Amino acid sequence: MAKFSPFQFIQQTRTEVSKVVWPTRRELLVTTAMVFVLAALFAVFFFVVDQIITFGLTSLLDAF
């Protein structure tokens with residue numbers, strides 16, 4: 001089993017973090033806005049589908 005060196009671990013971690021490509025402020029804002037817009041669209045879509053299913057089941061059960 002290899003020996004654990006805290007100094008080497010910190011050095012390797014810093015090296016890996018330096019390789020990360022961080023998004024620009026504009027990229028961050030655009031992707032965040034896209035997430036919120038898509039979440040709102042999906043919420044509306046599922047609300048409409050839920051209302052259609054509820055209406056259909058209510059109509060079907062009231063018929064009997």
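Start with the whole protein on screen: of its 64 residues, 0% count as buried. This is a predicted model.

**Whole chain.** Colour by secondary structure and you will find two helices and zero strands. The radius of gyration is 26 Å, well over the 11 Å that the globule rule gives for 64 residues, so the protein is more spread out than a compact globule. Turn the view along the principal axes; the C-alpha atoms fill a box of roughly 75 × 40 × 10 Å. Now switch on the surface. The accessible area comes to about 6,600 Å², and carbon and sulfur atoms account for 74% of it.

**Helix α2.** Select residues 25-63, which form helix α2. L38 lies in this helix. How exposed is L38? Its relative accessible area is 43%, so L38 counts as partly exposed.

**Nonpolar patch.** Keep L38 selected and add V37, L41, F42, F45 and F46. Together these six side chains, L38 included, make a nonpolar surface patch of about 640 Å².

**Charges.** Next, show the charged side chains: 5 are positive and 4 are negative. The centres of the two sets lie 28 Å apart.

**Salt bridge.** How many salt bridges does a search of the whole structure find? The search finds one. To see the pair, select K19 and E16, whose side chains meet at 3.3 Å, N to O. Which of the two cut-offs does each residue meet? K19 counts as exposed because its relative accessibility is 55%, over the 50% cut-off. E16, at 46%, is partly exposed.

Conventions: Residues numbered from 1 in each chain as written. Predicted model: local features only at pLDDT ≥ 70, side-chain atom pairs only at ≥ 80, totals over all residues. Heavy atoms only, no water. Salt bridge = Lys/Arg side-chain N within 4 Å of Asp/Glu carboxyl O. Buried < 20%, exposed > 50% of the residue type's maximum accessible area, 1.4 Å probe, protein only. Patch = residues over 30% accessible without salt bridge, like charges linked within 9 Å, V, L, I, M, F, W, Y side chains within 5 Å. Areas by Shrake-Rupley, 256 points an atom, 1.4 Å probe, with all protein chains shown as cover. Helix = DSSP H or I, 4+ residues; strand = E, 2+ residues; numbered from the N terminus. Rg over C-alpha atoms; globule rule 2.2 N^0.38 Å. Lys, Arg positive; Asp, Glu negative; His and termini not counted. Charge placed at Lys NZ, Arg CZ, Asp CG, Glu CD.
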